[in-house]
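Q: Hi! Could you walk me through this model while I have it open?

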Amino acid sequence: MKIKGAEILLRALSDEGVDTIFGYPGGVVLDIFDEIYKSKFKHILVRHEQGAAHAADGYARASGKVGVCLVTSGPGATNTVTGIATAYMDSIPIVVFTGQVATPLLGSDAFQEADITGITRPCTKHNFIVRKVEDLARTVKEALYIARSGRPGPVLVDIPKDVSQAMTEYHESGPPKAPAHDPIYVPDVTALNEALRMIKQAKKPVVMVGGGVILGKASQELREFIEKVQIPVTHTLMGIGAFPGTDPLSLGMPGMHGTYYANMALTQCDLLINIGARFDDRVTGKLDEFAKNAKIIHIDIDAASINKNVIVDLPIVSDCKSALQQLNKMLLQNHFTIPEKDRKAWTQQIDEWKEYAPLSYCAGEKIKPQCVIETIYKLTKGDAIIATEVGQNQMWAAQFYKFNHPNTFLSSGGLGTMGYGFPAAIGAQIAFPDKTVVDIAGDGSIQMNIQELATAVVYNIPVKICILNNGFLGMVRQWQEIFYERRYSHTNISQIPDFVKLAEAYGAVGLRATKPEEMEAILEKGLNTPGPVIMDIHVEPEEGVYPMVRPGSPISDMDLGR
Amino acid sequence: MAEEEHIISMLVNNKPGVLSRVSGVFGRLGYNIKSLCVAETTNPEISRITLTSIANSHFTEKVAKQLNKLVDVIDVTELKPATSVEREMTLIGIRIDKEKRAEIMRAIDMFGCNVRYMSDNYCILECVGETEKTETIINYLKPLGIEEIARTGIIALPQKN
């Protein structure tokens, strides 16, 4: 029986296990939305297409499944570009379906036409334009496969209106065909043996884990590995939750706003094992000084990440799960024991660093943002999904909330997208309706996608937004304070709007705390109030994020802010 | 770091937009494509792209890794001049003044060019060879009045046993 392209799209998605779409309708996707109307698909109507892309991204990060969104052509499509670029930089599997003008009109500057495959070519893993309805089902399957396989990433599928209207037979297509793309999943055993030899010899080893461990669902294997080898672990921003933040072997985050002890350990180690991180400049600081006395092992699914920024001694192209499983097996077979005597001095050194400069802040007359994060940690018992915006709020959340589980920290690391956190939190809450989901925001970032409050209210998505309201674009202000002699050029955004009234205007609950003594009670009330809540916490306006490494400096050169 | 010419040969899906993806990798990394040649292989679904670029020694690793990530790229190899056969075809349009006629004819003979078009005072020459030969011919003919030139850029295949 012949059915419409629009129906084929939904059936192909359904056959791939997709049941949730974040989207916004428009002219050329009317046929698809008509099918959604008739189907059982869960479609979440956002208020801006950027929100749809971030929500799909947050859904993907929290659930480990592919996030899907659907928007119209032209501005609908271009509005998703920031969301796509965000997912691209952090290797998040999302598929964005965009409507397109009918094929005879392509290239004619038709109403709401944009060359979205051209626009997104540099920020998607791959993209498609479907020119024939017969290709639609297979393209959907390939798009999802490409998004989730290997190093994951966003894929865009552009569907012209006449394709979604055309009729054809639907057959569930066979396995996806992308032979050029099939990633390597089998690590080289010789290399792994060499890695073990290096681990045995090392006196000052450090493991650095990144988003690859979370994307590769390898947290359990990582924990087993660390339990056996007893090597201290630092995690990048994207690697938060891959290893328990409360474990005595955890060093926290390295880099520009990393812990003193993580940065010192990286600088002085004699063996660095990088598992699924890409040596981002925010992590390495000055490259010449980075882990300069260390042998470096780098496990990464993406061969292009190896030797890109840091030249390594032992590259292992593999997904993190396979490599760690294999390593664990080999450790067991070799009856590996920790050379305790050799490591003692190193463990002591790290303990000294931890004692010398733990993450800290001074209490004051105003509410300290770090204390807000600690209180949220306490109240949620470390068990919430935390989304962040970008800037100081993001760094404080990364520093002061101890994440013990993967897929619970959602943050735009690579692109640094303000406005990411709230829609991402909505996406995560859709994936986990019963979990506590908190967006830790700044008063600047939250205004970039505040319109999604309507989405949260309409669907009763109980995301809790905690605004660390300092009246500034705080991170930029901090740089102006340090590097531009406190000339606060256009970073003072005044504590406007009244977020309590704003929440109420949308039909959400708004709460405010301005004094340290009322902060905890307000947070507790907010977290326990059903439905979406904004907690507007007025914090010390000129608080800075420390430690801080100046850009271009070695990471051992830290301003501890004291 | 010393810069030299690199020849990259790749097999790609013969589909719209693929060349843009490939050239995007070069542009993003800041490498200029010096010559580029694309055509179908014996399998009409697959095209071969041969391109050259002047760059330092990191070039191949950097570019090849990124190219290999493209879903439409099937294979990427760097060809070394010593172990491959390279050819380039050039069409040279040249104005024939009476007084230079003899010299042009001598050059055609000397370099073994083919004359593909001839009118009273204009001709189009075809020459095939390695880049070095092409450059020599062009340099020789330049003072005699080359009006237009079209080069295919290098195509190359590796030598095999």
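What follows is a chat about the model's confidence, its cores, its helix packing and some backbone details.

Q: Good to start with the basics: what kind of model is this?
A: This is a predicted model. The predictor gives the complex an ipTM of 0.88 and a pTM of 0.95.

Q: And what is the mean pLDDT of chain B?
A: Chain B has a mean pLDDT of 92, and 99% of its residues reach 70 or more.

Q: How many residues does each chain put into the contact?
A: Chain A contributes 10 residues and chain B contributes 12 residues. On the side of chain A that touches chain B, the classes are 6 nonpolar, 3 polar and 1 charged.

Q: Let's go inside. Which residues have the most contacts in the largest nonpolar core?
A: Those are C69(A), I94(A), V95(A) and C466(A), in a core of 176 residues. Helix α7 of chain A, residues 136-148, supplies the largest share of this core, with 8 residues.

Q: Is there another core, or what else is there?
A: There is a second, separate core of 20 residues, and I49(B), A55(B), A64(B) and V73(B) are among them.

Q: Back to C466(A): what is it in contact with, beyond its sequence neighbours?
A: Leaving aside residues within four places in sequence, C466(A) is in contact with V372(A), I376(A), V438(A), I440(A), A441(A), M535(A) and I537(A).

Q: A64(B) was in that second core. Which residues are buried in its helix, α2 of chain B?
A: In α2(B), residues 59-69, the buried ones are F59(B), V63(B), A64(B), Q66(B), L67(B) and K69(B). They pack against β1 (4-13), α1 (18-29), β3 (46-55) and β4 (73-79) of chain B.

Q: Now helix α18 of chain A: how many of its residues are buried?
A: For α18(A), residues 421-431, the count is 11 of 11. Among the buried residues are F422(A), P423(A), I426(A), Q429(A) and I430(A).

Q: On to helix pairs. How do the axes of α1(A) and α7(A) cross?
A: The axes of α1(A), residues 5-15, and α7(A) come within 9 Å and cross at roughly 35 degrees. Their crossing is right-handed.

Q: Which residues meet there?
A: From α1(A) there are G5(A), I8(A), L9(A), A12(A) and L13(A), and they meet L136(A), A137(A), V140(A) and K141(A) of α7(A). By class, the residues of this contact are 7 nonpolar, 1 polar and 1 charged.

Q: What about α11(A) and α14(A): left-handed or right-handed?
A: The crossing of α11(A) and α14(A) is left-handed. Helix α11(A), residues 219-229, packs with α14(A), residues 320-333, at an angle of about 35 degrees, with the axes 9 Å apart.

Q: And who touches whom in that pair?
A: E221(A), L222(A), E224(A), F225(A) and K228(A) in α11(A) meet K321(A), L324(A), Q325(A), L327(A), N328(A) and L331(A) in α14(A). That contact of α11(A) with α14(A) has 5 nonpolar, 2 polar and 4 charged residues.

Q: Changing topic: where is Y88(A), and what does it touch?
A: Y88(A) lies in helix α5 of chain A, residues 81-89. Not counting residues up to four places away in sequence, Y88(A) touches C123(A), T124(A), G153(A) and P154(A).

Q: Why does Y88(A) count as partly exposed?
A: Y88(A) is partly exposed because 19 other C-beta atoms lie within 10 Å, while a buried residue needs 20 or more.

Q: Now the backbone. Which peptide bond ahead of P497(A) is cis?
A: The bond from I496(A) to P497(A) is cis, with omega near 5 degrees. P497(A) is in the loop between α20 (474-483) and α21 (499-506) of chain A. A cis peptide bond also joins Y546(A) and P547(A), where omega is about 0 degrees. P547(A) is in the loop between β20 (533-538) and β21 (548-549) of chain A.

Q: Last one: what is phi for D109(A), and for F279(A)?
A: D109(A) has a positive phi of about 55 degrees although it is not a glycine. F279(A), also not a glycine, has a positive phi near 55 degrees.

Q: Is each of those buried or exposed, and why?
A: D109(A) is exposed because it has 8 other C-beta atoms within 10 Å. F279(A) is buried because it has 23 other C-beta atoms within 10 Å.

Methods:
Residues numbered from 1 in each chain as written. Chains lettered and ligands numbered in written order. Predicted model: local features only at pLDDT ≥ 70, side-chain atom pairs only at ≥ 80, totals over all residues. pLDDT = per-residue confidence, 0-100. Contact = placed C-beta atoms within 7 Å. Nonpolar A, V, L, I, M, F, W, Y, C, P; charged D, E, K, R; others polar. Core = buried A, V, L, I, M, F, W, Y, C linked by C-beta atoms within 7 Å. Buried ≥ 20, exposed ≤ 12 C-beta atoms within 10 Å, placed from the backbone. Helix = DSSP H or I, 4+ residues; strand = E, 2+ residues; numbered from the N terminus. Axes fitted to C-alpha atoms, helices over the stretch in contact; angles between N-to-C directions. Left-handed = near helix turned anticlockwise from the far one by under 90°.
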